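Trainee: Before I use a model for any calculation, I would like to learn how to read its backbone, its sheets and its annotated sites with some care. Could you take me through one case?

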Amino acid sequence: MKKLYIETVGCQMNLLDSELVVAALRKEGYELTGQAADADTVLFNTCSVRQHAEDKIYSALGRLKEAKRSMPDKVIGVMGCMAQKDQKLIFSRAPFVDIVVGPGQLHQVPQLVREAREKPGQQRLEVSLGRTDGKVDDIKRSHESFDPLRDPTMRPTPFQAFVRIQIGCDKFCTYCIVPSVRGPEQSRPPSHILAEARQLASEGCKEICLLGQTVNSWRHTEDGRAWRFSDLLYALHEIEGIERLRFVTSYPRDMTDDVLEAVRDLPKCVKYLHVPAQHGSDEQLRRMKRGYTVAEYREMHDRAKRWMPDVAITSDFIVGFSGETEEDFQQTMDLVRECRFKNSFIFKYSERPGTKAANRLPDDVPEEVKRRRNNELLALQNEISEEDNHKFLGKRVEVLVEGPSKTAVRNLERADANAPLTGPLQLTGRTMCDRIVVFDGNPRQIGQTLSIAIYDVNLHTLFGAVVTEHVGPEVFTLAGV
Ligand code: SAH
Ligand code: SF4
Ligand code: F3S
């Protein structure tokens, strides 16, 4: 058996890509190891969305220099968005790297690794065409969706799976590198998506998470039928065995009535929408070229809440983008106060070479101002998240159990990682509105949907106990409190 070490940063797309690459390399006789030092092949699946994500990978690569010197046949590969963005630059910054492979070329990884082992000392670069490198159709073809047959043993949990429905992005928000590294927006045909979902269900998968940069913009015409995203949700809902359907990330302008109706009316649809607003000021949204106004975002948000009062909505925000005044920033604070998001991911603007913003809009908000605004917005969001979690105290929620909690995983790692899971164990799972719940249970409950009574909450987590129903008298007891 050869040993593979893989490190993944970035979004869910990258998590799925890594899962599929690992599955492909297992077929070549690889097994996973947690140590880069003794691995035969080391892969980094990278992200370019912010400078920080790239710095992390370049320093991790730097740490491998010595290991490569003492083990020259170790294959080192850089894949993903930074591979597409930096290409040969990676070889000049880290000359001991053997393979650089973009996210549109992942099907080539097994062969590239094989070649690198057979003919060491030859660097291999496989990337897709840039957005201005040819005809649109050729560019599209050069970004291939990597969706080979799934292997249930490769997933983090056998009953949950990501399913890609769209690759690339055509929105070209001025700050964003994704359209240039992931290529043109392309939708997968519904027949492929449904076949993959059916296969996953037949292997015991209960929850499917659909992936796309603007997932609700998905549309596809196949055999003369024009499919909307909501049609796809209805079709997936029919599949026996699938209990939960979720999707990320939604684009505000495409949150049309039919999508909200589908989420409201389909019991398997998780009542959770990740719809990044990015900013609370019209001037900033215009400079970002997001394609909507704050009023339009508010209207979409209010419509979702009116139709589904219990829906959980989360957002992303960028602070310190070009030209952001204190007044602009306060408008973001106002939007968060008003919308009371379940959670917000907050990012300091990081200029990305090659984007419209980098070419035309100065990165003119000082770092300390960005940091202060980030902290202020985060403090406000945290306050809201904790207050809203309090509403769950004393309530019962339905939880799909995902596995041992973070604490339990840490304890297990300290004990013996290979020991079989038995006996009482702290578990974690999610509600239909995407809240994380931690409770005491046992390993055979992993993958089940349980009723949990909530007795404590904090910012990010609900704490509860399994509700044990007794047939007969109208009483129930709480086990494990
Ligand atoms: N497709 C998704 C987002 C993908 S990137 C969408 O449109 O919402 C994830 C998040 O990173 C974005 O929502 C944005 O908030 C943030 N982001 C993207 N580019 C960034 C940059 N240059 N600097 C800081 N944050 C950025
Ligand atoms: Fe980037 Fe905008 Fe596309 Fe999202 S919609 S991936 S933020 S360009
Ligand atoms: Fe990063 Fe690429 Fe995802 S740039 S956020 S890994 S699409």
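Mentor: What follows is a walk through a sheet, some backbone details, a ligand shell and an annotated site. Please keep in mind throughout that this is a predicted model.

Trainee: Let us begin with the sheet; what is the order of the strands in the open sheet of 3 strands?

Mentor: As a general idea, the strands of a sheet pair through backbone hydrogen bonds, and the pairing is either parallel or antiparallel. In this structure the open sheet has the order E7-E10-E13, and its pairing is parallel. Strand E7, residues 160-164, and strand E13 stand at the edges with a single partner strand each, so one side of each is left without a neighbour in the sheet. From one strand to the next, the twist averages 25°.

Trainee: How many bridges join strand E10 to E13, and which residue stands opposite Val248?

Mentor: Strand E10, which covers residues 207-211, is joined to E13 by 5 bridges, and the two run parallel. Opposite Val248 in E13 stands Leu211.

Trainee: Which strands does helix H1 touch as it packs on the sheet, and which does helix H9 touch?

Mentor: Helix H1, residues 12-26, touches E7, E10 and E13, and its direction makes about 105° with that of E7. Helix H9, residues 190-202, also packs on the sheet, where it touches E7 and E10, and its direction makes about 170° with that of E7.

Trainee: Turning to the backbone, which residue does a cis peptide bond join to Val248?

Mentor: The partner is Thr249, and omega of this cis peptide bond is about -5°. Thr249 belongs to the loop between strand E13, residues 244-248, and helix H11, residues 257-265.

Trainee: Where do Gln87 and Arg340 lie, and what is the phi of each?

Mentor: For Gln87, a residue other than glycine, phi is positive and near 45°; Gln87 sits in the loop between helix H4 (81-86) and helix H5 (88-93). Arg340 is not a glycine either, yet its phi is positive at about 45°, and its place is the loop between helix H14 (326-339) and strand E16 (343-348). With a relative accessible area of 25%, Gln87 is partly exposed, and Arg340, at 30%, is partly exposed as well.

Trainee: Which residues are around ligand 3, and how do they divide into nonpolar, polar and charged?

Mentor: A shell is read by listing its residues and then sorting them by character. Around ligand 3 we find Gly10, Cys11, Asn14, Cys47, Ser48, Val49, Cys81, Arg182 and Gln213, and the division is 4 nonpolar, 4 polar and 1 charged.

Trainee: Which residues does the UniProt annotation "binding site" cover, and is Cys169 buried or exposed?

Mentor: According to the UniProt record, an unreviewed entry, the annotation covers Cys169, Cys173 and Cys176. Cys169 has 8% relative accessibility, which is under the 20% cut-off, and therefore counts as buried. Cys173, also at 8% relative accessibility, counts as buried too. Cys169 is found in the loop between strand E8 (166-167) and helix H8 (178-182), and Cys173 is likewise in the loop between E8 and H8.

Trainee: Which residues are in contact with Cys169, and which does Cys173 touch?

Mentor: If neighbours within four places in sequence are left aside, Cys169 is in contact with Arg131, Val178, Pro179, Gly183, Pro184, Glu185 and Gln213. Cys173, again not counting residues up to four places away in sequence, touches Met288, Lys289 and Arg290.

Conventions:
Residues numbered from 1 in each chain as written. Chains lettered and ligands numbered in written order. Predicted model: local features only at pLDDT ≥ 70, side-chain atom pairs only at ≥ 80, totals over all residues. Heavy atoms only, no water. Helix = DSSP H or I, 4+ residues; strand = E, 2+ residues; numbered from the N terminus. Buried < 20%, exposed > 50% of the residue type's maximum accessible area, 1.4 Å probe, protein only. Near = heavy atom within 4 Å. Nonpolar A, V, L, I, M, F, W, Y, C, P; charged D, E, K, R; others polar. Pairing = 2+ DSSP bridges. Axes fitted to C-alpha atoms, helices over the stretch in contact; angles between N-to-C directions. Contact = heavy atoms within 4.5 Å. UniProt positions renumbered as here; feature names shortened; annotations may be inferred.
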